[in-house]
Amino acid sequence: MLFETQAVHVGRAPDPVSGAVAPPLVLSTTFARDGDYAPPASGDIYGRTGNPNRRDLESLLAALEGGVAALCFSSGQAVTQSVLQALNPGDHVLFPRDVYHGTRNLLTQQFERWGLSASFVDMDDSLIVEQAFRPNTRLLWLETPSNPSLKISDISALASLSHAHGVLCIVDNTWATPVWQRPLALGADLVVHSSTKYFGGHSDVTSGAIVAAHSSPFLDRLRAIQNLGGAVPSPFDCWLLLRSTPSLAVRVRAQTKSAGQIAHYLHTHPNVAVVHYPGLESHPGYAVAKRQMSGFGAMLSFEVTGGESHAARVARAVALFIRATSLGGYESLIEHRALVEGPQSATPRALLRCSIGLEHVDDLIEDLAHALV
């Protein structure tokens with residue numbers, strides 16, 4: 001069954017009781033047992049432990065990423081937190097130097113106090129990564145394309161390197177989505193998503209997910225953390241994601257086509273210093289991206305020539321792009337990332353990050369042309 005067909009049919013069988021084609025929303029927090037106190041055939045006993053909507057969503061996401069199991073959480077950050085909780089005090093993690101600032105903050109502000117340590121390295125240089133492994137390294141975390149500079153990591157090469165050291169390889173696939181990139185097929189052990197973004201697609205649900213390539217004690221620990229910690233999405237959140245995911249491929253393809261056209265437009269603009277988009281041949285990661293991705297995605301960032309004040313002026317001047325955090329919805333967003341990340345941000349002060357939506361590309365280009373004067 002091909003991707004688009006999986007997205008429509010996995011986890012979405014007509015309801016056997018009512019015949020409803022759309023999945024029923026099951027809000028119950030508890031489930032009746034029989035006279036011998038055995039749980040129902042579904043295995044559901046309590047909302048934190050299991051729910052039909054969440055189970056259907058997890059089966060769908062596992063299928064789309066080509067994994068054996070998926071676990072859904074209340075946010076992408078809840079996924080990251082659970083992964084770090086599944087490690088032991090004294091363990092070491094390798095992160096990209098330009099990892100999402102929320103991931104970095106979670107490690108440095110919370111888990112370093114618990115005894116975890118981390119190194120932040122350039123993941124586009126395998127020699128640097130090789131030298132960064134320690135005897136206590138337990139996890140190699142990749143983010144490709146990265147946020148917000150869209151650096152590309154070679155998943156296959158780094159997964160092989162990770163396994164040579166007996167280390168799990170995990171890939172944040174939020175930006176590429178399984179439409180364009182399949183990390184598990186390239187050797188990764190785990191894939192994480194902020195499913196708030198492209199899976200949700202409508203900027204109206206907050207959720208996260210992790211998908212595993214194979215069963216393992218680490219997956220068992222994650223499942224226990226999901227159950228015991230209870231940072232799970234509500235049934236309605238799961239229902240919304242089940243509603244949105246069938247259109248994922250159509251949305252992402254349309255958004256990616258527009259992003260490519262906008263990137264090429266910005267690349268030739270006299271007031272733009274550099275465009276970060278892996279679909280441009282000038283991008284340092286173009287060759288790797290072309291090999292491991294079937295499309296380059298709908299996210300891009302660019303740096304203007306006039307520094308921070310110019311970037312702020314551009315962000316104020318746009319009319320169609322909405323100045324807001326997040327990405328992956330049907331509306332186009334623009335964000336001055338350094339301001340959002342705070343004074344400690346390493347992001348260039350002149351950088352603007354764009355999530356390309358479903359508006360007509362000519363209107364979006366005209367909007368940027370007006371703002372970039």
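**Tyr37, two helix pairs and a proline-bearing loop**

At 62% relative accessibility, Tyr37 counts as exposed in this predicted model. Tyr37 sits in the loop between H1 and H2. Its backbone is a bit unusual on paper: phi is positive, about 70°, although Tyr37 is not a glycine.

Leu150 makes a handy companion to Tyr37. Here too phi is positive in a residue other than glycine, with a value near 55°. The surroundings are another matter, though: Leu150 has a relative accessibility of 0% and therefore counts as buried, since the cut-off for that label is under 20%. Leu150 belongs to the loop between S4 and H6, and that stretch of chain has further backbone features to offer. S4 covers residues 137–143 and H6 covers 155–164, with Pro145 in the loop between them. The peptide bond leading from Thr144 into Pro145 is cis, with omega near -5°. Pro148 is likewise placed in the loop between S4 and H6, and Asn147 is joined to Pro148 by a cis peptide bond, this time with omega at about 10°.

Turning to helix packing, how do H2 and H9 sit against one another? Helix H2 (residues 52–65) packs on H9 at an angle of about 40°, and their axes are 8 Å apart. That angle makes H2 oblique to H9, and the crossing of the two is left-handed. On the H2 side, the contact is made by Asn53, Arg54, Asp56, Leu57 and Leu60, while H9 brings in Pro235, Cys238, Trp239, Leu241 and Leu242. Sorted by class, the residues where H2 meets H9 come out as seven nonpolar, one polar and two charged.

One of the H9 residues in that contact, Cys238, is worth a look by itself. Cys238 is found in helix H9 and has a relative accessible area of 0%, so this cysteine is buried. Setting aside neighbours within four places in sequence, Cys238 is in contact with Asn53, Arg54, Leu57 and Pro233. Cys238 and Thr174 are 64 residues apart in sequence, and their C-alpha atoms are 17 Å apart in space. Two other cysteines are tucked away as well: Cys169 is buried at a relative accessible area of 0%, and Cys354 is buried at 1%. As for disulfides, a search of the whole structure turns up zero.

Just past H9 comes Thr245, placed in the loop between helix H9 (235–244) and helix H10 (248–267). Is this loop residue buried or exposed? Thr245 is buried, with a relative accessible area of 0%. Not counting residues up to four places away in sequence, Thr245 touches Ala7, Leu60, Leu64 and Phe199.

Leu60 and Leu64 turn up again around Gln6, which is in contact with Met1, Leu60, Ala63 and Leu64 once neighbours within four places in sequence are left aside. Gln6 is part of helix H1 (residues 3–9). With a relative accessible area of 16%, Gln6 is buried, because that value falls under the 20% cut-off. Gln6 and Leu60 are 54 residues apart in sequence, yet 7.4 Å apart in space, C-alpha to C-alpha. Leu60, then, is touched by Thr245, is in contact with Gln6 and is also one of the H2 residues that meet H9.

The other helix pair considered here is H3 and H4. What angle and axis distance describe their packing? Helix H3 (residues 76–85) and helix H4 (residues 101–111) pack at about 45°, with 10 Å between their axes. That makes H3 oblique to H4. The crossing of H3 and H4 is right-handed, whereas that of H2 and H9 is left-handed. From H3, the residues involved are Gln77, Thr80, Gln81, Leu84 and Gln85, and they meet Gly102, Thr103, Leu106, Leu107 and Phe111 in H4. By class, the contact of H3 with H4 has four nonpolar and six polar residues, and no charged ones. For the contact of H2 with H9, on the other hand, the tally is seven nonpolar, one polar and two charged.

Methods. Residues numbered from 1 in each chain as written. Predicted model: local features only at pLDDT ≥ 70, side-chain atom pairs only at ≥ 80, totals over all residues. Heavy atoms only, no water. Axes fitted to C-alpha atoms, helices over the stretch in contact; angles between N-to-C directions. Helix = DSSP H or I, 4+ residues; strand = E, 2+ residues; numbered from the N terminus. Parallel < 35°, antiparallel > 145°, perpendicular 65-115°, else oblique. Left-handed = near helix turned anticlockwise from the far one by under 90°. Contact = heavy atoms within 4.5 Å. Nonpolar A, V, L, I, M, F, W, Y, C, P; charged D, E, K, R; others polar. Disulfide = S-S within 2.5 Å. Buried < 20%, exposed > 50% of the residue type's maximum accessible area, 1.4 Å probe, protein only.
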